[in-house]
Amino acid sequence: MKRVLLAKFLLWTGFAASYAVGSTESIDRRAVQDSNQKTAIPSRDGLRFVIDGHADYFAGSNSYWIPFLKSNSDVDMVMSHLKQSGLKVLRVWGFNDVNEIPTDGRVWFHHIQNGASVINEGADGLQRLDYVVKSAEAHNVKLIVNFVNNWGDYGGIAAYNTAFGGNATSWYTDKASQKSYRDYIKAVISRYKGSSAIFAWELANEPRCRGCDTSVIYNWAKSTSAFIKSLEPARMVCIGDEGMGLTTQSDGSYPFTYYEGVDFEKNLQIPTIDFGTLHLYPSQWSEQDPWGNLWIKAHGAACVKAGKPCLLEEYGSLALAASEASWQQTALKSKGIAGDTFWQYGDNLSSGPSPNDGYTVYRGTANYTILVTDHVKDVKKLNSH
């Protein structure tokens, strides 16, 4: 997702409520088997993802905002609705970087200032992400957790540059920034190591290095993913890039080029990267919506060649279902594409509707019926064959 306005979000993040997610125990053998299956860490098998012991195609969505909610009941409601819908994977922001500690009570995770950083493990810090993970475990929803933003929303690379110096391109090689970034990664992973809820750890949201040689992001991704694997070897790791830099089936348009310093095919060969990610916003890339089908097919072919699955991790059109339904069908039919998570899920919270950036698909709407209800039915049909 390109840029979301923090101001809109701050209006409704101050609500607080708490209650524990209950659990039941049974000595029934089948229940024990189901429990054991659900605690398995998601993985990949060839060109498919494996969740709960099943190698299938999985559908999901994005909710950058859910770790910043202060209402446990809202978190549980969203997770319950996701479970009911059949959406299995939810991508969330595992970062919230600030250069100044907020005084308005909003959530923050990582304070970076004057060359130093502090990780907030308090009630307005990572304890909020703790509850998201806890609720996801209870509802058997799997999370992709991202560690930094290429864009300025919720801090991101810009916050590191403010604290340590540098710019958007030097960040990938700046020793002080990378140390702080890794310290944060280690702190987050240590909280959820072994959790059944974590689908994958993700290096960054849409990393770019405009004007850089593609070796810059390649070396950063290789080194960082190896570091993450050293902390939790069994967990899947992905980059979180948009899929730019691709020669397979390229039409020569901007997203296929290496202009942003990204080489999708080369990065996918990194041994400690488990699957490829691609994002799709034709209108923001000066392309027409039908072009998205080519983008999906091209990445599917590249992933088949690499022997790794691809996730259509973000996709959005201001026309919503009018464009996105076609992309979903293409993804389902494209070998190498193992799942999709649309941008973004919308729900009615205790504080009002969740954020709407124009791409939001709200539960209960006509677009939701097409892009969620009907799509999940198609996914089930595909998996049953």
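In which sense do strand E2 (residues 48-51) and E3 pair, and over how many bridges? In this predicted model, E2 and E3 run antiparallel to each other, with 3 bridges between them. That pairing is a good place to start, and the disulfides follow after it.

**The sheet**

The pair belongs to an open sheet of 3 strands, ordered E1-E2-E3, with antiparallel pairing. At its edges lie strand E1 (43-45) and strand E3 (54-56), each of which pairs on one side only. If you compare strand directions, neighbouring strands of this sheet are turned by 40° against each other on average, direction ignored. To find your way at the residue level, look at Phe49, which stands opposite Asp56 in E3.

**The disulfides**

Further along the chain you will meet the cysteines. The structure holds 2 disulfides, and here they are side by side:

| Disulfide | Sulfur-sulfur distance | S-S torsion | Handedness |
|---|---|---|---|
| Cys209 and Cys212 | 1.9 Å | about -50° | left-handed |
| Cys303 and Cys310 | 1.8 Å | about 50° | right-handed |

Each pair counts as a disulfide because its sulfur atoms lie within the 2.5 Å cut-off: the distance is 1.9 Å for Cys209 and Cys212, and 1.8 Å for Cys303 and Cys310. With the bonded cysteines of the protein numbered in sequence order, the connectivity reads 1-2, 3-4.

The handedness comes from the torsion about the S-S bond. For Cys209 and Cys212 the torsion is about -50°, so this disulfide is left-handed. For Cys303 and Cys310 the value is about 50°, and the disulfide is therefore right-handed.

**Buried or exposed?**

How do the cysteines sit with respect to the surface? The cut-off that matters here is 20%: a residue is buried when its relative accessible area is under that value. Let us take the Cys209 and Cys212 pair to begin with. Cys209 has a relative accessible area of 0% and is buried. Its partner Cys212 has a value of 18%, and because buried means under 20%, Cys212 is buried too.

In the other disulfide, Cys303 is buried with a relative accessible area of 0%, and Cys310 likewise counts as buried at 0% relative accessibility. One more cysteine deserves a look while you have the structure open: Cys238 is buried, again with a relative accessible area of 0%.

Notes:
Residues are numbered from 1 along each chain as its sequence is written. This is a predicted model: local features need pLDDT of at least 70, side-chain atom pairs count only at pLDDT 80 or more; totals for chains, interfaces and linings use all residues. Side-chain values use heavy atoms; hydrogens and water are left out. Buried means under 20% relative accessible area, exposed over 50%, partly exposed in between (1.4 Å probe, protein chains only). Two strands pair if DSSP finds at least two bridges between them. Helices (H or I, at least four residues) and strands (E, at least two) are DSSP runs, numbered from the N terminus. Axes are lines fitted to C-alpha atoms, for helices over the stretch in contact, and angles run from 0 to 180 degrees between N-to-C directions.
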